[in-house]
Amino acid sequence: MAQTLPLKPRLPLLVVSVCALPVLAGCALWSFMPSPAEGQRLYAQNCVQCHGSTGQGDGELAQDMMRKPANLTQISAQNGGDFPRTRVLSAIDGYAKGTRGGAMPEFGAFLDGPTVPVTLEDGSQTPVPRPLAALLRYLESIQAQG
Ligand code: HEC
């Protein structure tokens, strides 16, 4: 009995320190550009059915579509070898807001939450919702070389 008493006041402190560590680490990481792997998860959940598992526009739904899903591995190649971040961001953003026709579903959820700074082609930085930035990074990582 006597031994358990001194533990009591320490308990809240322990809980606070155990919880605070991952939260602080999470905050620090959260403000940086997401990894392609983070985008890949979103891609697998939301894009693969049309654009295909390798991004070549050959997903399950593609064969029945009038307007074929874009081959997302050729975006750089079609742009002289440079990945056009601004254009791709505004494409996904346009779909997310439903302003780009009905070919792609709306992805409003991608525009939610905290933003991260994304560097554009001209060197300027713009705040982008994190899920959108993650998708951008993933698409960038799957560009065909040469
Ligand atoms: C229901 C099918 C469908 C889904 C799901 C879908 N897309 Fe698309 N996507 C299309 C079609 C069709 C086009 C080409 C026609 C157009 O431009 O609207 C396209 C075009 C694009 C383009 C433009 C490519 C370029 O060269 O400008 C991007 C970028 C893109 N999709 C990304 C995505 C991402 C990222 C996701 C998942 C978040 C996604 N798409 C989910 C059907 C889909």
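# A tour of the protein chain

Residues 24 or more positions apart account for 47% of the contacts in the protein chain, counting contacts with a separation of 6 or more. Keep in mind that this is a predicted model. Mean pLDDT for the protein chain is 81. Residues at 70 or more make up 71% of the chain.

**Stop 1: the whole chain**

Show the cartoon. You should find 5 helices and 2 strands. Followed along the sequence, they run α-α-α-α-β-β-α. Now colour by pLDDT. Helix α1, residues 7-30, has the lowest mean among the elements, at 51. Helix α5, residues 130-141, has the highest, at 95. Next, colour by burial. Of the 146 residues in the protein chain, 19% are buried.

**Stop 2: helix α5**

Select residues 130-141, which form α5. Put a distance between the end C-alpha atoms: they are 17 Å apart. That agrees with expectation, because 12 residues at 1.5 Å a residue should span 16 Å.

How many of the 12 residues of α5 are buried? The count is 10, so the helix is mostly covered, given that a residue is buried when 20 or more other C-beta atoms lie within 10 Å of its own. Label the buried ones. They begin with Arg130, Pro131, Leu132, Ala133 and Ala134. They go on through Leu135, Leu136, Arg137, Tyr138 and Leu139.

**Stop 3: the nonpolar core**

Stay on α5 and show side chains. The largest nonpolar core has 17 residues. Those with the most contacts inside this core are Leu132, Ala133, Leu135, Leu136 and Leu139. Two elements, β1 and α5, give two or more residues to the core. The largest share is from α5, with 7 residues. As background, nonpolar side chains tend to be buried together in soluble globular proteins.

Now pick Leu139. Which residues does Leu139 touch, leaving aside those up to four places away in sequence? They are Leu72, Ile75 and Val88.

**Stop 4: the hairpin**

Select β1, residues 115-119. Add strand β2, residues 125-129. The two strands pair in the antiparallel sense, over 5 bridges. Look for Thr119: its bridge partner in β2 is Gln125. The hairpin has 5 residues between the strands. Click on Gly123 there and check its backbone: phi is positive, near 90 degrees.

Go back to β1 and compare its two faces. Val116 and Val118 make up the covered face. Thr115, Pro117 and Thr119 make up the uncovered one.

**Stop 5: the loop between α4 and β1**

Select Pro114, in the loop between α4 (85-97) and β1. Is Pro114 buried or exposed? Pro114 counts as exposed because it has 10 C-beta neighbours inside 10 Å, and the exposed class takes 12 or fewer. Add Pro131, which is one of the buried residues of α5. Pro114 and Pro131 are 17 residues apart in sequence. Their C-alpha atoms are 9.1 Å apart in space.

Move to Ala109, also placed in the loop between α4 and β1. Ala109 has 12 C-beta neighbours inside 10 Å, so it counts as exposed. Draw a line from Ala109 to Leu132. The C-alpha distance is 9.4 Å, across 23 residues of sequence. Leu132 is among the residues with the most contacts inside the core from Stop 3.

**Stop 6: the loop between α3 and α4**

Select Ser53, in the loop between α3 and α4. Why does Ser53 count as partly exposed? Ser53 has 13 C-beta neighbours inside 10 Å, so it falls in between the exposed and buried cut-offs of 12 or fewer and 20 or more. Add Tyr43. Ser53 and Tyr43 lie 10 residues apart in sequence and 8.7 Å apart in space, C-alpha to C-alpha.

Finish on Glu60. Glu60 lies in the loop between α3 (48-51) and α4. Glu60 counts as exposed because it has 11 C-beta neighbours inside 10 Å. Its pair for this stop is Cys50, 10 residues away in sequence. The C-alpha atoms of Glu60 and Cys50 are 6.2 Å apart.

Terms used: Residues numbered from 1 in each chain as written. Predicted model: local features only at pLDDT ≥ 70, side-chain atom pairs only at ≥ 80, totals over all residues. pLDDT = per-residue confidence, 0-100. Helix = DSSP H or I, 4+ residues; strand = E, 2+ residues; numbered from the N terminus. Expected span 1.5 Å × (residues − 1). Contact = placed C-beta atoms within 7 Å. Core = buried A, V, L, I, M, F, W, Y, C linked by C-beta atoms within 7 Å. Pairing = 2+ DSSP bridges.
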